[in-house]
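Student: Could we go through this structure together and ask why each label is earned?
Tutor: Gladly, let's take a look.

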Amino acid sequence: MENPTQFVQWLRSVAPYIHAFRGKTFVVAFPGELVTAGALPVLAQDLSLLVALGIRVVIVHGSRPQVAEQLALRNVEGRFHNGVRITDTAALECAKEAAGELRLDIEAAFSQGLPNTPMAHAAIRIISGNFVTARPLGVIDGVDLELTGVTRKIAAETIHPILATDSLVLLSPLGFSPTGEVFNLTMEDVAVSTAVALHADKLVFISETPMMVDAAGEEIRELSSHQAEAVLQADFLTPDAAFYLRHAIKACTSGVPRAHIVPFEMDGSALLELFTHDGVGTMISHENLESLRQATIEDVGGIIKLIEPLEADGTLVKRGRELIEREIDNFSVIEHDGVIFGCAALYPFPGSKMAEFACLTVNPDVQAQGDGERILKHMENRARAAGFNKLFVLTTRTAHWFQKRGFKPATVDALPKDRQHMYNWQRKSQVLIKTL
């Protein structure tokens, strides 16, 4: 191993996600294009890893290119209306044949078990069945879509016990009516209906579309459902990307906390999206994921993990766990999707109308994104609300950063009397003061 230290740091960095995801339910949907591109074996390995980490996984596959191939073999021309296939009897036979072939390919991919591969020692079982009840889509804009259907119900009461056995559930884009008819569905519709019915924690579309970008060409990493609606209204996305986003919004507004649209062109894109801070795709949530708030006792562990490296190299004064617990009301944290990435503390000196800004820490992985400045502004607002007119900081290494943000160098004598008595002359910290 060329860099064992980097590996250890990486493994530690994903631990919060592992803890947060254990026992959760993810619905992962991918198009037939992924199989055509030869990416199925790698995806199977990545999803098997999720199962090994205690995540409950439901797979929904698409089949558009496979159906098109079957139609071409029969010399039957495919028909569409507003991007949705019109399914006549011949097209339905092609859809059934494509679904059967894909099911076998997927089951084979999850049956890998060669030594020295990611699937070694994995005993993943895939269960599929008539879990999707459907109805005909009917006549839209005067066009009869025939055997094209829409999901009516997902057999959640049957799927949940299967997931509890650490088995995967596989759903195809086919549904069945109580009268025994078969309907051709869209993968996106089945995936959204499944995520909603199972109260899934995440819906992940592994898409054939590239990374979503805005009108200026900037990557879109994260959207609230309201922001996503605005993106759709702006009408700059490609039709395929808009189709995915429309279904992701529907999932989030129907109770799924997070929906992700992740391009499959990058190796391990699903893992990178789920286990890194910025991910490699676009995440849609019903509410804004990031919050800057006053800390609670549940945040103590996250704060300690953040500040320990800086205490070890002398940047920060050491604080024991008991001290942080006692002073937790003085702390604020910046949290993203349940993980704390920054913190700071505000210590009041009411007699002098001053407050100390201390313990500013931002995770190195997300520095240079403005989180430190956001925490500072938050603390300034807290100080103003409490009636303080000056903020001071004692620092040994970041004086320049504070000076750029309005702090002026001062002497120890300018500190509140109580703080002067606690000043550590061995550290020789620089004193900086800002008038609020």
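Tutor: Keep in mind that this is a predicted model. Let's begin with K353, which sits in the loop between β19 (339–349) and β20 (354–362).

Student: Why does K353 count as partly exposed?

Tutor: Its relative accessibility is 44%. Buried would need under 20% and exposed over 50%, so 44% falls in between and K353 counts as partly exposed.

Student: What makes the phi of K353 worth a remark?

Tutor: The phi of K353 is near 55°, a positive value in a residue other than glycine. Most residues other than glycine have a negative phi. D166 is another case, with a phi near 65°, and D166 belongs to the loop between α6 (156–163) and β10 (168–171).

Student: Why is the pair of F21 and F275 called edge-to-face?

Tutor: Two values decide that. The ring centres are 5.6 Å apart, and the limit for a pair is within 6.5 Å, so F21 and F275 form an aromatic pair. Their planes make an angle of 65°; over 60 degrees counts as edge-to-face, so the label fits.

Student: What does this pair tie together?

Tutor: F21 is in helix α1 (residues 4–21) and F275 in helix α10 (residues 269–275), so the pair ties together parts 254 residues apart in sequence. Both F21 and F275 are buried. They also belong to one aromatic cluster with Y17 and F26, and the structure holds 11 aromatic pairs.

Student: How do you know that the length of helix α11 agrees with what is expected?

Tutor: Helix α11 (residues 300–312) has 13 residues, and at 1.5 Å a residue they should span 18 Å. The expected span uses one less than the number of residues. The end C-alpha atoms of α11 are 18 Å apart, which agrees.

Student: Where does α11 bend?

Tutor: The bend, about 30°, is at L306, and a proline, P309, follows within four residues. L306 is also one of the buried residues of α11, which include I303 and I307.

Student: Which element gives the largest share of the lining of the second largest pocket?

Tutor: That is α9, with 8 residues. The lining has 25 residues, and N82, G83, V84, T186 and F243 lie nearest the centre of the pocket. By class, 10 are nonpolar, 6 polar and 9 charged. The space in this pocket is about 610 Å³.

Conventions
Residues numbered from 1 in each chain as written. Predicted model: local features only at pLDDT ≥ 70, side-chain atom pairs only at ≥ 80, totals over all residues. Heavy atoms only, no water. Phe/Tyr/Trp six-rings, centres within 6.5 Å; stacked < 30°, edge-to-face > 60°. Helix = DSSP H or I, 4+ residues; strand = E, 2+ residues; numbered from the N terminus. Buried < 20%, exposed > 50% of the residue type's maximum accessible area, 1.4 Å probe, protein only. 1 Å grid on protein atoms, 1.4 Å probe; cavity = no way out; pocket = protein on both sides within 12 Å on 5 of 7 lines; lining within 4 Å. Points joined across faces, edges and corners; volume = space filled by probe spheres on them. Nonpolar A, V, L, I, M, F, W, Y, C, P; charged D, E, K, R; others polar. Bend = angle between axes of the 7 residues up to and from the residue.
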